[in-house]
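Open the model in your viewer and keep the selection panel at hand. The stops below are given in the order in which to select them.

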Amino acid sequence: MTASARRALRAVLAGGLTAAALVWPAGAQAQAAGAATVSVDFTKPVHTISPADIGVSITGYGEGSYITDDTRHREHLRRLGVGRMRIELHYQTPGDHSSPIVCGGYKCATEVSGDAWIGAIRDLGAEPVVILQVDGRQSAEVNRDDAVALYRHFAASGKPIQRFILGNELNCSCTPDKPQMTATEYSRRFNLIADALRAEKASVAVGGPATSSNDHDYIRTFLQGSGARVSFVDYHDYGNGFDPITDDALLGDVIRDYETDIEAVRATVRSVLGHDLPIQIGEFNSDYDDPDGHRTLTHFNTLWGAAALGQMLHAGASAFQYGDKNGRLGLTSTKGEGGIARSEPLPMYHGIGMYTGEACSGRSARPSSRRARAPPSCTSSPPTTPGTSSWSTWATSRWRRPSPSPGRRTARPRSGRAPPTPGPRTAPAPRRSPAAGPR
C-alpha cells in the first residue's frame, strides 16, 4: 500500500468522515471513484455482534498452502479473529467408514485428513462448522449413516462437532457429475439426517438448505417439510458474476439488496413457520467474474467487503466469506495474485478486518509486509472488547444510485445465475464461483 493510500484508509478508520470511496491497485496512488461518496462513522456503535456472526469458508484449494501447513496463512487467519470456519467433510468412499475422512470440495486437497482440518480450525480459535454430504448419487440411508459415523468419529476425541450444514447448492447443477435435488427430496434427507444426529446429541445445530442464491421457492418447500427440525436457514449470496455491472451499482444497489434479501427470506420463514429462525449467509464475495482483478485485487474489494458484511450484520444475519484460499476471491494469495506474495492478505481480508480488528484482537502476530498492504496500526482501528465487536454501518443510502442504462437487466445479479463449471486445483483461474464451492 502506498503511503498516501495508507493515510487515506487510516483516516476513514479513525473517525466519522464523509469520504470519497477509494479504490487503488497495489503500487498505485489512491484515486476517487467518480463523484460518488460514501459516509462512514466508525465512532458510532450501532449494533453488538458475536465473533460467531463472522466466518470464513475453508476451501482446500490452496495448491499446497492450507491452514494445516502454511504458517503465514495460518497466522493471518488467526489475526483476523473470525468466530467460525466452515468446511465440507465426507468419507472418501461413501458408505465405507474405514475410508479416510477428507474435504468434500470439488478437486480439493484430499491428501489432508479431516482430523487435520478440524484440528487446525480449532487451533486458530474458531468453531468448526461442517457441511455434511447430501448427494443423489447415494441413497438417503448412506448419507444418514455417513453423517452419524462422522459425528461419532469427532465425538470420540472428546470434542464433538456442534454445528452442521446439510448439503451444498443442490438447487442447481453446480458441480460436475453431481445431480440437482428437488426441495422435497432434500427435505426428506434433511429430516432423516437431522433426526439421526440428534439421537446422538440433542443439542446439535443443523441448518440448510444451502442454496446457491435466495431461492424462495426452494427454501419455502424445505421449511414446509423440515421446519420443526431446522436450527438456522442457510443460503449463499454473491455480489455479481457473468452479468455486466458498473462499480457504482455493485457498491450501491447490490449492497443495499443484501439487507432487503435477508428481510425477504426472513418473511418467507415467518410465513411458513410463524416465527423467526437465525439466517446464515453461507457464502458471500463480490464479483467472481473479474479476470483482470480490477475489483478483487484492489481496495475496491476492501470497501465492498466491509459494506456488504455490514449490511448482512445490520440485518441480523451471520455470514461466511468464501473462502480462505480462492484465487482472487480469497483472503490470502494462493500464488501471487496481483503481485501479492503467496499467503499474504488480499483486499477482502481487510474489509472483514474492519469488524474484527485484525491484529488488534489481542493476539500476537507480526505486521503484514508493505507488499501485502498491511492494515493501519491498532490505534486507528475500531475498538473491540472480548466476545463482541462494536461496528459502524456503511451509509450506503448516500451512495449515488446509478441511472439505468439502456438494456440493463432488471434482475439482481446474484439470483438465478448460470454458474460456471469449477476447475481443477491446477487451473490458473480462481476456482470459486457461487456455484463451485465446497461440495
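What follows is a tour of a few strands, charged side chains and loop residues in a predicted model.

**Stop 1: strand E7**

Select residues 127-132, which make up strand E7. Is this strand mostly covered or mostly open? Five of its six residues are buried, so by the cut-off of under 20% relative accessible area the strand is mostly covered.

Now add residues 84-91, strand E5. E5 and E7 run parallel and are paired over five bridges. To see one of these bridges, pick Met 85 and its partner in E7, Pro 128.

For the pairing with E8, select residues 163-166. Strand E8 pairs with E7 over three bridges, again in the parallel sense. Here the residue to pick is Leu 132, whose bridge partner in E8 is Leu 166. Follow the chain from E7 to E8: the path goes through helix H4, residues 140-155, and the β-α-β crossover is right-handed.

**Stop 2: Arg 84 and Glu 127**

Show the side chains of Arg 84 and Glu 127, which form a salt bridge with the closest N and O atoms 2.9 Å apart. Arg 84 belongs to strand E5 and Glu 127 to strand E7, so this pair ties together parts of the chain that are 43 residues apart in sequence. Which of the accessibility classes does each residue fall in? Arg 84 has a relative accessible area of 14% and is buried, while Glu 127, at 26%, counts as partly exposed.

**Stop 3: helix H2**

Move to helix H2, residues 71-80, and select Glu 75 and Arg 78. Both residues lie in this helix, three residues apart, or about one turn. Their side chains form a salt bridge, with 3.6 Å between the closest N and O atoms. Add Arg 74 and Asp 123 to the selection: together with Glu 75 and Arg 78 they are linked in a network of salt bridges. In the whole structure, a search finds 19 salt bridges.

**Stop 4: Asp 70**

Step back to Asp 70, in the loop between strand E4 (54-57) and helix H2. This residue is buried but has no salt bridge. How far away is the nearest side chain of opposite charge? That side chain belongs to Lys 325, at 4.5 Å, and a salt bridge needs the nitrogen and the carboxyl oxygen within 4 Å.

Asp 70 does have polar partners. Its side chain makes a polar contact of 2.5 Å with the side chain of Ser 343. A polar atom of the Asp 70 side chain also lies 3.0 Å from the backbone nitrogen of Arg 72. With neighbours within four places in sequence set aside, the residues in contact with Asp 70 are Ser 65 and Ser 343.

**Stop 5: helix H8**

Select residues 253-273, helix H8, and show the side chains of Asp 253 and Arg 256. The two residues are three apart in the helix, about one turn, and their side chains meet in a salt bridge of 3.0 Å, N to O. Asp 253 counts as buried at 15% relative accessibility, and Arg 256 is buried at 16%.

**Stop 6: Gly 336**

End at Gly 336, in the loop between strand E12 (318-322) and helix H10 (347-356). With a relative accessible area of 29%, Gly 336 is partly exposed. Draw a distance from its C-alpha to that of Leu 346: the two residues are ten apart in sequence and 9.9 Å apart in space.

Conventions:
Residues are numbered from 1 along each chain as its sequence is written. This is a predicted model: local features need pLDDT of at least 70, side-chain atom pairs count only at pLDDT 80 or more; totals for chains, interfaces and linings use all residues. Side-chain values use heavy atoms; hydrogens and water are left out. Helices (H or I, at least four residues) and strands (E, at least two) are DSSP runs, numbered from the N terminus. Buried means under 20% relative accessible area, exposed over 50%, partly exposed in between (1.4 Å probe, protein chains only). Lys and Arg count as positive and Asp and Glu as negative; His and the chain ends are not counted. A polar contact is a pair of N or O atoms within 3.5 Å; within protein, one must be able to donate a hydrogen and the other to accept it, and residues adjacent in sequence count only if both atoms are side-chain atoms. Contact means heavy atoms within 4.5 Å. Two strands pair if DSSP finds at least two bridges between them. A crossover is right-handed if, with the strands pointing away from the viewer, the path from the first strand over the helix to the second runs clockwise.
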